[in-house]
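This report describes a single protein model for a reader at the bench. Please keep the sequence and the structure in view while reading.

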Amino acid sequence: MISSVRSKPMARLARPLAALTRTSTIFATPAVQARQLTIHAGASVAVGAQRISSPYRSQVRSYADYVVKVPHMADSISEGSLKQWNKKVGDFVALDEEIATIETDKVDVAVNSPKAGTIVELYAKEEDTVAVGADLFKLELGDAPAGGAPKKEEPKKEAPKKEEPKKEVKKEEPKKETPKEAPSKPAPAPVAKPTSEPTSAPAAFSREERSVKMNRMRQTIARRLKQSQENAASLTTFNEVDMSALMNMRNKYKDAVLKKHNVKLGFMSAFVKASCYALKELPAVNARIEGDSIVYNDYVDVSVAVATPKGLVTPVIRNCESLSFVEVEKSIAQYGAKARDGQIAIEDLSGGTFTISNGGVFGSMMGTPIINMPQSAILGMHAIKERPVAVNGKVEIRPMMYLALTYDHRIIDGREATTFLVKLKEALEDPTRLLLDV
């Protein structure tokens, strides 16, 4: 009796297990497996179609694109003009390759690609004003395309074409029998002469005009110089200096300096050091106005005016009071090379407490330079000319240079400006003072 009771629950558990076994046997048949394969295939196609048409597909694609923005150029520069695109849409660019040039108020800034890829979109045109942080161009990240090699095959196909005209030249060689025809051919030449005469005539009385847009640097120079004239109480005082002693020192040591330091010894280093000598005695000439205050500088950062094809730039030689003649000449040579190559950085132009402009290299005899704001004074050098001067009661021919100091009369009095030029004159006419500090 007990065994029969126990067998009933076991029977109930056995029935579902048997049904499950029969179901697995049915799905194991070939016909059912084929139908299952068809169902799964259809479902996968539907899912694939849904993935293709899904809007999220474009979002995944956008992760392969990289938008390059206008780089930060300097704290004082917020925008610039897109001067030139070096690449176009569809071109592949390597990492750190130059893509464009942005012209700013001070220098040209090169924009390099931060990643390798293909340009798919340009967001600005040449001569457009672009702000720092704005979108500049878009890259499709990836390696260089493999189709670049066939382009080199095209010029090879053109090479045999150049050989054909050489055959025509050989055909003209048998025409040596008719040398008399050569003088007869120039007959149509006089017909061409009257055509050239009318073109040259209007050139002599041409009244054509060309309008060329000012570049950003020229616009900034014009704005700042006009601002200097409007804000500063500018006044210019003059003096002259006998360059005999300085020229003798240069002629005596220039070869030794060149051999040891690999730099040419010029006059600019002497003027920089002499200016430091005079500025130490008259700190107001090295100061500037900020609001209602006067800021005095215990250091001398000299801005040296350098002419470039695009305009005048003033790179700064810092802490000139602590530099030697040779160190100043090296700095000037370095900035000169940068100016010629267009590689002067914005950092090279920032700051400055006093400016020296050498118009004498262009033959200027005398001039009144404009103050480089916010500085308070600028020294103008001029050409060295031999002139008769009175020396110890006698007339002698000496190499003389006129000096001009334009200063802001709001901060510098006439006494200080005149004394500055006298101190400068004494140091230049007797360079030993610079060594002895007397």
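The text below treats confidence, a helix, a residue with its contacts, backbone geometry and salt bridges in turn.

**Basis and confidence**

The model is predicted, so local features need a pLDDT of at least 70 and side-chain atom pairs count only at pLDDT 80 or more, while totals for chains, interfaces and linings use all residues. Residues are numbered from 1 along each chain as its sequence is written, and side-chain values use heavy atoms, with hydrogens and water left out.

The pLDDT is the predictor's confidence in each residue, from 0 to 100. Its mean over the protein chain is 79, and 72% of the residues reach 70 or more. For residues 1-7 the pLDDT is below 50, and this stretch has 0 contacts in the model beyond near neighbours in sequence; a contact means heavy atoms within 4.5 Å. Residues 189-199 also have a pLDDT below 50, again with 0 contacts beyond near neighbours in sequence.

**Helix α10**

Helices (H or I, at least four residues) and strands (E, at least two) are DSSP runs, numbered from the N terminus. Helix α10 covers residues 268-281. The expected span of a helix is 1.5 Å times one less than its number of residues. For the 14 residues of α10 this gives 20 Å, and the end C-alpha atoms are 20 Å apart, which agrees.

Burial is graded by relative accessible area: buried means under 20%, exposed over 50%, and partly exposed in between (1.4 Å probe, protein chains only). Of the 14 residues of α10, 12 are buried, so the helix is largely enclosed by the rest of the structure. Among the buried residues are Phe271, Lys273, Cys276 and Tyr277.

**Leu421, Phe238 and a surface patch**

Leu421 belongs to helix α13 (residues 414-429). With a relative accessible area of 1%, Leu421 is buried. Leaving aside residues up to four places away in sequence, Leu421 touches Thr237, Phe238, Asn239, Leu379, Leu403 and Leu405. One of these, Leu379, is 42 residues from Leu421 in sequence, with a C-alpha to C-alpha distance of 9.1 Å.

Phe238, another residue touched by Leu421, lies in strand β9 (residues 234-242). Phe238 counts as partly exposed, at 37% relative accessibility. Together with Met365 and Met366, Phe238 makes a nonpolar surface patch of about 270 Å². Patches are made of residues with over 30% relative accessible area and no salt bridge; like charges are joined within 9 Å, and nonpolar side chains (Val, Leu, Ile, Met, Phe, Trp, Tyr) within 5 Å. The areas come from the Shrake-Rupley method with a 1.4 Å probe, and for residues only the protein chains shown count as cover.

**Backbone geometry**

The peptide bond from Met373 to Pro374 is cis, with omega near 5°. Pro374 is placed in the loop between β16 (354-358) and β17 (377-381).

Positive phi values occur in residues other than glycine. Glu127 has a phi near 75° and lies in the loop between β6 (117-122) and β7 (129-131). Asn262 has a positive phi of about 60° and is found in the loop between α9 (244-261) and α10. At 66% relative accessibility, Asn262 counts as exposed.

**Salt bridges**

Side chains of opposite charge can pair when their charged atoms come close. A salt bridge is taken here as a side-chain nitrogen of Lys or Arg within 4 Å of a carboxyl oxygen of Asp or Glu. The structure holds 14 salt bridges, including those tabulated here.

| Pair | N to O distance |
|---|---|
| Lys69 and Asp135 | 2.5 Å |
| Glu79 and Arg216 | 3.4 Å |
| Arg318 and Asp301 | 3.9 Å |

Lys69 and Asp135 meet in a salt bridge that links distant parts of the chain, strand β1 (residues 65-69) and strand β8 (residues 135-141), the two residues being 66 residues apart. Lys69 is partly exposed at 45% relative accessible area, and Asp135 is partly exposed at 37%.

Glu79 forms a salt bridge with Arg216; Glu79 lies in strand β2 (residues 79-85) and Arg216 in helix α8 (residues 216-231), 137 residues apart. Glu79 counts as partly exposed at 34% relative accessibility, whereas Arg216 counts as buried at 13%.

Asp301 is buried, with a relative accessible area of 8%, and its partner Arg318 is partly exposed at 34%. In addition, Asp242, Glu396 and Arg398 are linked in a network of salt bridges.
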